[in-house]
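User: I'm a first-year student and I'd like a close look at one part of this protein. Could you walk me through how some of its helices pack against each other, and then show me where that fits in the whole chain?

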Amino acid sequence: MIGATVILYKPDMGITQDLLETVLKQVDVVSIVDNSPVATELLFDKSNMHYHHFPNNIGIAAAHNVGLRDLRSSGCEYGMLLDQDSTIDEDFAFRLSSLLVASKVEKRPVVAIGPRIICSFSEKTVKPRVQREVLVYDEIVCVTQIISSGMMIDLSQLDAIGYKDETLFIDGVDHEWCWRAKQQNLMVAIADKVEMIHRLGDSRSKFAGITYKVGSPVRLYYQFRNILLLSRRGYVPRYWKTRNLCVLPIRFFANSLLQDRKLERLKFMLCGLWDGICKKDGAFSDNW
């Protein structure tokens, strides 16, 4: 059986409804975890659907864990994670799960496979600047980490790896889980011929000739804090620590001087830096 977990937060129902309709045709069970302040009205047959509403927003990691537990308790062998603003093809789940099944038959240590990501802003395939390909198996490319949306997981391996780290709340959650999988000698991969359109950030901006994604001010709190928290962990790749720590001052400058809502952004960045130094985790509202 194949299941899917879809995370909602104040969704644009035009996009989200299309996604859910496509997903429901491809999987046996759907778990929807809604972190929106007001419950989202869903006009679907709910016979194979779990719906959870958390108006106080429990974070992406906890939401994933709720959904993954739903899928496992329903007897699913494979589980797909999706954000509300992703767009998938009609055979998306079949193609990813088939690659996972093939990897298991060939006794390859692959625990999760994700698609090639097409940015909805640039309409171009996202190519990480630093991450290197680790290994190539036929139609999959093993890499250091993949994003959560579009990720198909072999649920039988969750006992060994563990669930998502809820202390991080949101940013870095997907990558941290991939790095933890590597500790168990398991790999994550990208399906070379499977693509998914996904929205990365809220908008785009350019500084010193470099285009970068811009998110909401509160996300800066989690981004800055979690870089400091994760940089202390031994299993986090050195290249990731070096790159993100070196870029922090540039991001601080760009967000405090070049973006709108400057004071609000400055506040969240300073709070994130302070809590990162003080080793505080969880939601922003728990600490401030």
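Analyst: Let's start with α7 and α8, whose axes come within 7 Å and cross at roughly 150° in this predicted model. Angles over 145 degrees count as roughly antiparallel, so α7 is roughly antiparallel to α8. On the α7 side, the contact is made by L248, R251, F252, N255, S256 and L257, and on the α8 side by K262, R265, L266, M269, L270 and L273. Sort those residues by class and you get seven nonpolar, two polar and three charged.

Now bring in α6, which covers residues 217-230. The axes of α6 and α7 (residues 238-257) come within 10 Å, and they cross at roughly 150°. That makes this pair roughly antiparallel too, because the cut-off is over 145 degrees. If you like handedness, α6 passes α7 in a left-handed crossing. From α6, the residues making the contact are L220, Q223, F224, N226, I227, L228 and L230. Facing them from α7 are W240, K241, N244, L245, L248, R251, F252 and N255. The classes here come out as nine nonpolar, four polar and two charged.

You may have spotted some names coming back. L248, R251, F252 and N255 of α7 take part in the contact with α6, and L248, R251, F252 and N255 also take part in the contact with α8.

That leaves the third pairing, α6 with α8 (residues 262-277). The axes of α6 and α8 come within 7 Å, crossing at roughly 25°. Angles under 35 degrees count as roughly parallel, so α6 and α8 run roughly parallel. Their crossing is right-handed. α6 brings P217, V218, L220, Y221, F224, R225, L228 and L229 to this contact. α8 answers with E264, R265, F268, M269, C271, G272, L273, D275, G276 and I277. By class, that is twelve nonpolar, two polar and four charged residues. Here, too, there are familiar faces: L220, F224 and L228 of α6 touch α8, and L220, F224 and L228 are also in the list for α7. On α8, R265, M269 and L273 meet α6, while R265, M269 and L273 are in the contact with α7 as well.

Okay, let's zoom out. The protein chain has nine helices and twelve strands. Its C-alpha trace spans about 50 × 45 × 35 Å along the principal axes. For 288 residues, a compact globule would have a radius of gyration near 19 Å, and the chain agrees, with 19 Å. Of the 288 residues, 51% count as buried. Looking at contacts between residues at least 6 apart in sequence, 72% join residues at least 24 apart.

Two other spots let you see burial up close. One is α5 (residues 173-183), a mostly covered helix with eight of its eleven residues buried. Those are V173, D174, E176, W177, C178, W179, R180 and A181. Just after α5 comes N185, which takes a positive phi of about 60°.

The other spot is L20, found in α1 (residues 13-24). L20 has a relative accessible area of 1%, and the cut-off is under 20%, so L20 counts as buried. Setting aside neighbours within four places in sequence, L20 is in contact with V6, I32, L42 and F44. For a sense of distance, L20 and P237 are 35 Å apart in space, C-alpha to C-alpha, and 217 residues apart in sequence.

Technical notes: Residues are numbered from 1 along each chain as its sequence is written. This is a predicted model: local features need pLDDT of at least 70, side-chain atom pairs count only at pLDDT 80 or more; totals for chains, interfaces and linings use all residues. Side-chain values use heavy atoms; hydrogens and water are left out. Axes are lines fitted to C-alpha atoms, for helices over the stretch in contact, and angles run from 0 to 180 degrees between N-to-C directions. Helices (H or I, at least four residues) and strands (E, at least two) are DSSP runs, numbered from the N terminus. Angles under 35 degrees count as roughly parallel, over 145 as roughly antiparallel, 65 to 115 as roughly perpendicular and the rest as oblique. A crossing is left-handed if the near helix is turned anticlockwise from the far one by less than a right angle, and right-handed if clockwise. Contact means heavy atoms within 4.5 Å. Ala, Val, Leu, Ile, Met, Phe, Trp, Tyr, Cys and Pro count as nonpolar, Asp, Glu, Lys and Arg as charged, and the others, Gly among them, as polar. The radius of gyration is taken over C-alpha atoms; the globule rule is 2.2 Å times the number of residues to the power 0.38. Buried means under 20% relative accessible area, exposed over 50%, partly exposed in between (1.4 Å probe, protein chains only).
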